[in-house]
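Please look at the structure shown here, and follow the paragraphs below, which lead from a single residue to the sheet and then to the cavities.

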Amino acid sequence: MKIVVIGGTGLIGSKLVAKLTEHGHEAVAASPNTGVNTLTGEGLAEVLTGAQVVVDVSNSPSFERAAVLKFFETSTGNLLAAEAEAGVGHHVAVSIVGTERMPDNGYFAAKIAQEQLIEKSGIPFSLVHSTQFFEFARGIADEGTVDGKVHMAPVLFQPIAGDDVAKAVGRTAVGSPLNGRVEIAGPERLRMDEFFRQALAAWGDPREVVTDPHARYFGSELSEQSLVPIDEATLGTIRYLDWLGSTGK
């Protein structure tokens, strides 16, 4: 089938396009550098011609609250309108586990707004809620650094490899629309401070990890289960230290 991947040249999108192509699908990477811009609508009608499925793994270039909300509302609105015109039968979007538990977080609030547009669109859909990607671990540590020390809350944390995300999203894309969500997470559940203590040691990073119950995660204070699935979830198979050893990242 023809599957258009919005954000198809990015971290998850490029992995997804490769996996779908390996399985014999016509996977098309759609992004501004391939001539498709969901913010302006440029190239959307052309790329969606004949597409049965659209997978949206695009991301906002800015995490500032107003900017990220505008990005997801504009991009998703344009995309859904073009899909309706093209007769696309399945819209898949990647979101984040726990979005509804941290509405004070500007990025999470924007993802909620995106999901609401999808749910109201009338196009059959599937939402894949993922925990944090391994690839973002260093950025999370840097964001939590205060005066040279990495402050992390002792809450549950269950990150997942980008390859496992792409695999789960691919399975969802070629399946029947859920008209609901599936949650995915990594195979190991640790305390966030414990995870980063292990990670920094593995990186050879000398920064001290401070256990801080009030440490903020991109502006939000976390509760015990803010970032992990509460109900049933599909688990990846790749463990962080194994992934780190194989990628060097």
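In this predicted model, a useful place to begin is Ser58, which counts as buried because its relative accessible area is 13%, under the 20% that sets the limit for that word. Ser58 sits in the loop between strand E3 and helix H3 (65–86). Leaving aside residues up to four places away in sequence, Ser58 touches Ile6, Gly7, Phe71, Phe72 and Ser75. One of these contacts, Ile6, is 52 residues from Ser58 along the chain, yet the C-alpha atoms of the two are separated by 5.7 Å.

From this loop the view can widen to the sheet to which E3 belongs. Strands of a sheet pair through backbone hydrogen bonds, and they do so either parallel or antiparallel. Here the pairing is parallel, and seven strands form an open sheet in the order E2-E1-E3-E4-E5-E9-E14. At its edges are strand E2 (26–30) and strand E14 (234–235), each of which pairs on one side only. Further inside that order, strand E5 (residues 125–130) and strand E9 (residues 180–185) run parallel and are joined by five bridges; His129, for example, has Glu183 in E9 as its bridge partner.

Helices pack against this sheet as well. Helix H4 (residues 106–120) touches strand E3 (53–56), strand E4 (90–96), E5 and E9, and its direction makes about 160° with that of E4. Helix H6 (residues 162–174) lies across strand E1 (2–6), E3, E4, E5, E9 and E14, and runs at about 150° to E4.

What remains is the enclosed space: how many cavities of 30 Å³ or more does a search of the whole structure find? The search finds two, and the largest has a volume of about 70 Å³. Helix H5 (137–143), strand E7 (149–152) and strand E12 (216–217) are the elements that give two or more residues to the lining of this largest cavity. Among its lining residues are Ile140, Glu143, His151, Met152, Arg216 and Tyr217, and by class the lining has eight nonpolar, two polar and two charged residues.

The second largest cavity holds about 50 Å³ of space. It is lined by Phe134, Pro159, Pro187, Glu188, Leu190, Phe195, Ile238, Arg239 and Tyr240, a set in which seven residues are nonpolar, none is polar and two are charged.

Notes: Residues numbered from 1 in each chain as written. Predicted model: local features only at pLDDT ≥ 70, side-chain atom pairs only at ≥ 80, totals over all residues. Heavy atoms only, no water. 1 Å grid on protein atoms, 1.4 Å probe; cavity = no way out; pocket = protein on both sides within 12 Å on 5 of 7 lines; lining within 4 Å. Points joined across faces, edges and corners; volume = space filled by probe spheres on them. Helix = DSSP H or I, 4+ residues; strand = E, 2+ residues; numbered from the N terminus. Nonpolar A, V, L, I, M, F, W, Y, C, P; charged D, E, K, R; others polar. Pairing = 2+ DSSP bridges. Contact = heavy atoms within 4.5 Å. Axes fitted to C-alpha atoms, helices over the stretch in contact; angles between N-to-C directions. Buried < 20%, exposed > 50% of the residue type's maximum accessible area, 1.4 Å probe, protein only.
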